[in-house]
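Me: I'm new to reading protein structures. Can we go through this one together, one question at a time?

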Amino acid sequence: MIDAGQVKDPKALERMLGELQSLRRRINSLEDTELEVMERLETAQTSLDQRTAELSAMEGEEALLRAAFEQKAGALQTQLSAVQDERQVTASGLPQDLLALYEKLRAQKNGVGAAALRRRECEGCRLTLNASDLGMIAKAPADEVIRCEECNRILVRVAESGL
Ligand SMILES: [Zn+2]
């Protein structure tokens with residue numbers, strides 16, 4: 001018969017209580033560990049969120065810079081094409097020997113074969129021309145090719161030449 005109200009073996013009861021206490025300690029320890037893991041997970045998640053937001057901001061900035069760059073490059077390409085077209089039209093209207101002289105000087109003079117004569121100064125080499133040279137240039141026919149004495153470039157007479 002089972003006697004519900006009494007313990008027949010006190011040592012067995014002690015053992016059982018001991019196991020119970022040990023299980024409780026184990027549960028507490030596991031609960032502490034779970035809390036630590038959750039805290040670490042939360043910290044990691046916060047850090048991941050920050051990094052994701054930073055990355056997203058940088059990607060947005062990169063897209064803006066790329067779009068600005070492409071727009072600028074497109075505008076420059078259009079400008080370059082227009083200048084090339086204009087140059088071709090201008091070159092086709094020039095006498096062959098003048099064009100050949102210009103190309104030769106351009107190759108020798110860092111890409112600048114002709115310079116404006118502005119305020120009595122050669123814009124190619126910054127030489128200020130003296131009065132007698134200016135006088136000769138002023139008397140020369142409009143279609144005569146004038147060269148700078150200093151840098152040899154073709155001098156282009158303009159409204160502000162000072163002649
Ligand atoms: Zn010059």
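Me: How many bridges join strand E1 to strand E4, and do they run parallel or antiparallel?
Reply: Keep in mind that this is a predicted model. Strand E1 covers residues 114-118, and strand E4 covers residues 154-157. One spot to look at is alanine 116, which stands opposite valine 156 in E4. E1 and E4 are joined by four bridges and run parallel.

Me: Which residue in E2 is the bridge partner of leucine 117?
Reply: E2 is the strand made of residues 121-122, and two bridges join E1 to it, with the strands running antiparallel. E1 and E2 form a hairpin with two residues between them. Across that pairing, the partner of leucine 117 is cysteine 122.

Me: What is the phi of arginine 119 in the turn?
Reply: Look at the hairpin that E1 and E2 form, where two residues sit between the strands. Arginine 119 is in that turn, and its phi is positive, at about 50°.

Me: Which residues coordinate the zinc ion?
Reply: Follow the donors along the chain and you get the spacing C-x2-C-x22-C-x2-C. Each one gives its SG atom, at 2.2 to 2.3 Å from the zinc ion. The residues are Cys122, Cys125, Cys148 and Cys151.

Me: What is the arrangement of the four donor atoms around the zinc ion?
Reply: Check the angles that the donor atoms subtend: they run from 107 to 113°. To count as tetrahedral, four donors need all angles between 85 and 135 degrees. The angles here fit, so the arrangement is tetrahedral.

Me: How many residues apart are cysteine 125 and cysteine 151?
Reply: Both cysteines coordinate the zinc ion. Cysteine 125 is in the loop between E2 and helix H3 (131-139), while cysteine 151 is in the loop between strand E3 (146-147) and E4. The pair links distant parts of the chain, 26 residues apart.

Me: Is cysteine 151 buried or exposed?
Reply: The cut-off for buried is under 20% relative accessible area. Cysteine 125 has 26% relative accessibility, so it counts as partly exposed. Cysteine 151 has a relative accessible area of 6%, so the word for it is buried.

Me: How many salt bridges does the count come to?
Reply: Let's start with an example: arginine 118 forms a salt bridge with glutamate 123, with the closest N and O atoms 2.9 Å apart. Arginine 118 is partly exposed at 24% relative accessibility, and glutamate 123 is partly exposed too, with a relative accessible area of 31%. The full count comes to seven.

Me: About how many helical turns separate arginine 66 and glutamate 62?
Reply: These two form a salt bridge, and their closest N and O atoms are 2.9 Å apart. Arginine 66 is partly exposed at 46% relative accessibility, and glutamate 62 is partly exposed at 41%. Because they are four residues apart in helix H1 (residues 10-92), the separation is about one helical turn.

Me: Which residues are linked in a network of salt bridges?
Reply: Start with arginine 87 and glutamate 103, which form a salt bridge with the closest N and O atoms 2.7 Å apart. Arginine 87 lies in helix H1 and glutamate 103 in helix H2 (residues 96-108), so the pair ties together parts that are 16 residues apart in sequence. Arginine 87 is partly exposed at 36% relative accessibility, and glutamate 103 is partly exposed at 31%. The linked residues are Arg87, Glu103 and Arg106.

Key. Residues are numbered from 1 along each chain as its sequence is written. This is a predicted model: local features need pLDDT of at least 70, side-chain atom pairs count only at pLDDT 80 or more; totals for chains, interfaces and linings use all residues. Side-chain values use heavy atoms; hydrogens and water are left out. Two strands pair if DSSP finds at least two bridges between them. Donors are N, O and S atoms within 2.8 Å of the metal (3.2 Å for Na, K and Ca); water is not among the atoms, so sites may look incomplete. Four donors count as tetrahedral if all angles lie between 85 and 135 degrees; four count as square planar and six as octahedral if opposite donors are over 155 degrees apart and all others between 65 and 115; anything else is irregular. Buried means under 20% relative accessible area, exposed over 50%, partly exposed in between (1.4 Å probe, protein chains only). A salt bridge is a side-chain nitrogen of Lys or Arg within 4 Å of a carboxyl oxygen of Asp or Glu.
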